[in-house]
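Work through the exercises below with the sequence and the model side by side. Each task is followed by a solution in steps.

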Amino acid sequence: MTYQPPVRDFVFLMKDVLKLEQYSSLKGFSEASMDVLEQIIEEAGKFSAEVLAPLNAVGDKEGCTWHPDHSVTTPKGFKEAYAQLVAGGWPGLGAEIAYGGQGLPYTLSLPFSEMSSSANMAFSMYPGLTHGAYSAILNGGSEAQKDLYLPRLASGEWGGTMNLTEPHCGTDLGLLRTKAVPQADGSYRITGQKIWISGGEHDMAENIVHLVLARIEGAPAGTRGISLFIVPKFLPDADNKPGARNSVYCDGLEEKMGIHGNATCVIRHEESQGWLVGEENRGLSLMFVMMNEARVGVGLQGIAQGEAAYQAAVSFAKDRLQGRSLTGPKNPEGPADPIIVHPDVRRMLMTSRALLEGGRAFLFWVALNGDLAHVHTNPDERQKAHDIAALMTPVVKGYLTDKGLQVCSDALQIHGGSGFTEHFPASQYMRDVRIALIYEGTNGVQALDLVGRKLAADGGRAVMAFFAEMDGFIDAHAADDDLKPFVEGLASAKAQLQEGTMWLMQNGLMNPDNAGAASTDYMHLFGLTALTYMWARMAKTVQDKIAAGETDPFYANKLVVGRFFLQRVLPDAAAHLTKLTSGSDLMMALPAEAF
Ligand SMILES: Cc1cc2nc3c(=O)[nH]c(=O)nc-3n(C[C@H](O)[C@H](O)[C@H](O)COP(=O)(O)OP(=O)(O)OC[C@H]3O[C@@H](n4cnc5c(N)ncnc54)[C@H](O)[C@@H]3O)c2cc1C
């Protein structure tokens with residue numbers, strides 16, 4: 001079974017649900033009409049399915065190879081596929097036109113990101129990290145740095161990495177030790193060890209630009225003393241071509257559970273030459289601006305792996321003959337019925353589909369708000385969009401990757417014993433998706449960011465705006481009989497989220513452990529509510545189409561999946577509310593020695 005790009009779903013979301021045409025006069029959105037966008041999605045789907053997907057299992061089996069000269073070879077076929085990626089201009093889709101990109105807003109580049117990640121997550125991380133480095137320099141770099149690095153990162157000729165993690169510091173970057181010593185020429189000498197650096201060394205790009213967090217000698221301890229540096233593997237020469245080798249080396253690769261085709265590197269900076277990005281000691285905040293986009297990108301990996309795994313499960317469920325349907329044979333000529341007839345298999349397929357389609361809509365909506373926060377011409381709209389994007393980003397990352405793992409696990413379950421073997425792709429999807437719950441800030445840390453920072457920001461303005469937006473939908477469609485289950489479902493989800501939010505405000509401040517103990521359940525309640533809102537909007541869109549005479553089953557099927565979401569997925573909200581409001585007493589009661 002080969003990966004089928006869900007082109008129809010992207011077009012439905014972008015054209016019909018989010019109605020992106022209404023933004024066609026805004027910066028970036030004006031670069032691509034809906035027709036052009038559809039062509040881009042088609043081509044991106046072809047590239048992903050035909051070039052990247054066939055290399056997915058190859059990358060998994062072969063992995064990357066480290067050599068004693070500190071070089072790394074990627075799996076067979078990756079280098080050629082990367083050359084095609086660059087030749088096709090795909091890395092520049094979301095980069096500024098001034099730097100050789102195509103100037104599309106992030107939202108319009110999401111279909112390519114999802115499809116390439118579904119087809120080959122390990123491969124897609126190389127351009128993904130490069131875009132992260134691009135964004136960090138765009139956001140904080142000097143004009144000279146932008147002119148030098150951005151065109152090369154946008155084209156993909158040069159790769160990019162993010163060097164944050166050290167052996168003793170992952171979540172707690174305040175412990176970071178890598179040091180930077182200022183030089184007379186304005187550059188810095190950087191010394192320290194970084195670990196688990198994705199794409200830290202490879203053979204696909206002519207240069208690699210490391211974005212490195214380090215502490216300038218004498219800087220304050222903790223997070224206030226961290227600065228951001230550009231450290232290229234090859235120092236650009238007078239013509240801006242890769243010149244002398246910089247003293248930044250890959251000392252080895254990590255053996256790991258999944259994404260074997262992506263080089264996860266131990267990186268040694270031995271007085272490597274680097275240049276400060278932005279101001280001294282402002283590195284972490286620069287990095288966080290970039291990380292918001294990266295976190296949406298990781299949420300996308302949850303959907304992308306889930307989609308690919310779901311497709312494999314559907315194909316298996318139609319093929320595998322076991323047992324008979326409870327309501328009489330559906331394949332009387334055969335020795336047994338295909339397992340897709342069994343309600344328990346359907347339970348997993350329908351739940352997966354409801355989560356994936358709702359989750360994808362959520363992701364696109366949040367990304368759209370992220371774009372509008374920058375380009376909307378009305379300052380009030382910019383503010384509102386910024387609030388929604390900031391509030392929802394940890395939910396996109398944490399909830400969608402938790403659910404992505406659930407979908408991959410169910411897809412493996414549908415494969416039975418075959419899923420546990422390596423003859424089928426289900427195992428790889430599950431192994432690959434697992435990291436998405438950990439990197440770019442673990443899901444536990446996303447939940448803490450949501451309850452600790454995002455919820456309280458500006459006196460709770462963002463969450464109030466979300467409640468008001470849902471109320472607007474509920475009020476506008478209260479009298480619509482066809483939409484009744486969706487309006488009622490949304491009203492119930494919203495009421496529960498509101499109750500959970502009130503509980504947190506009252507009890508979280510009183511005892512911070514209450515907030516910590518509630519955070520993951522609160523994030524899931526938030527995710528469920530957001531997906532209910534998305535399903536309500538999709539249902540409204542579909543019903544308008546059907547009322548206008550549309551007979552394509554694509555639309556009627558959406559309504560069935562949406563109603564299944566309300567019936568079988570949304571009820572989890574009540575359990576999350578009960579758990580989150582039970583406080584931290586029992587959770588924290590035992591002393592550490594009792595474990
Ligand atoms: C394959 C792979 C690729 C990676 N790529 C990169 C990369 O390109 N660049 C880079 O810089 N890093 C990268 N990382 C590192 C990654 O970002 C970290 O692993 C991640 O941020 C978690 O840090 P940690 O592993 O040190 O876990 P820890 O911080 O030690 O956390 C361990 C556990 O404790 C919990 N925890 C920690 N602190 C708190 C707290 N305050 N409250 C509640 N719970 C807490 C965590 O949620 C987690 O469950 C990568 C890691 C892997 C495995």
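Helices (H or I, at least four residues) and strands (E, at least two) are taken as DSSP runs and numbered from the N terminus. Residues are numbered from 1 along each chain as its sequence is written. The model is a predicted one, in which local features need pLDDT of at least 70 and side-chain atom pairs count only at pLDDT 80 or more, whereas totals for chains, interfaces and linings use all residues.

**Exercise 1. Describe the shell around the ligand: which elements supply it, and which residues come nearest?**

Solution. Begin with the elements: β3 (158-163), β5 (188-198) and α13 (443-454) each supply at least two residues of the shell. A residue counts as near the ligand if its C-beta atom, placed from the backbone, lies within 6 Å of it. There are 19 residues around the ligand, and those that come nearest are L164, G170, T171, S198 and T442. Next, sort the shell by class, where Ala, Val, Leu, Ile, Met, Phe, Trp, Tyr, Cys and Pro count as nonpolar, Asp, Glu, Lys and Arg as charged, and the others, Gly among them, as polar. The result is nine nonpolar, nine polar and one charged residues.

**Exercise 2. Determine which residues of α4 are buried, and where they lie around the helix axis.**

Solution. Apply the burial criterion: a residue is buried if 20 or more other C-beta atoms lie within 10 Å of its own, exposed if 12 or fewer, and partly exposed in between, with C-beta atoms placed from the backbone. In helix α4 (residues 78-87) the buried residues are F78, A81, Y82 and L85. Seen down the axis of α4, these residues fall within an arc of 100° (the arc of the directions from the helix axis to the C-beta atoms), so they line one face of the helix. The general background is that an α-helix has 3.6 residues a turn, so residues three or four places apart point the same way. The face of α4 turned away from the buried side carries the exposed residues E80 and A87. Finally, look for the packing partners, taking two residues as in contact if their C-beta atoms, placed from the backbone, lie within 7 Å; the buried residues of α4 pack against α2 (34-52), α3 (56-62) and α6 (121-140). After the helix comes G89, with a positive phi near 75°.

**Exercise 3. Check the lengths of α16 and α10 against expectation, and locate the bend in each.**

Solution. The expected span of a helix is 1.5 Å times one less than its number of residues. For α16 (residues 512-547), with 36 residues, the expected span is 52 Å, and the end C-alpha atoms are 51 Å apart, which agrees. The bend at a residue is the angle between axes fitted to the seven residues ending there and the seven starting there, and α16 has a kink of about 50° centred on S519. Just after α16, G549 takes a positive phi of about 100°. Helix α10 (residues 379-414) also has 36 residues and reaches 49 Å from its first C-alpha to its last, close to the expected 52 Å. α10 bends by about 40° at M392, with a proline, P394, following within four residues. As to its surroundings, 28 of the 36 residues of α10 are buried.

**Exercise 4. For L129 and Q446, state whether each is buried or exposed, and find their contacts beyond four places in sequence.**

Solution. L129, found in helix α6, is buried because 23 other C-beta atoms lie within 10 Å. Its contacts are G160, T161, M162, S198 and G199. Between L129 and S198, which are 69 residues apart along the chain, the C-alpha separation is 7.6 Å. Q446 lies in helix α13 and counts as buried, with 27 C-beta neighbours inside 10 Å. Q446 touches P394, K397, G398, G441 and M523.

**Exercise 5. Where do H70 and E440 lie, and what sign does phi take in each?**

Solution. Most residues other than glycine have a negative phi. H70, in the loop between β1 (65-66) and β2 (72-73), has a positive phi near 75°. With 16 C-beta neighbours inside 10 Å, H70 counts as partly exposed. E440, in the loop between α12 (426-433) and α13, has a positive phi of about 60°, and E440 is buried, with 24 other C-beta atoms within 10 Å.
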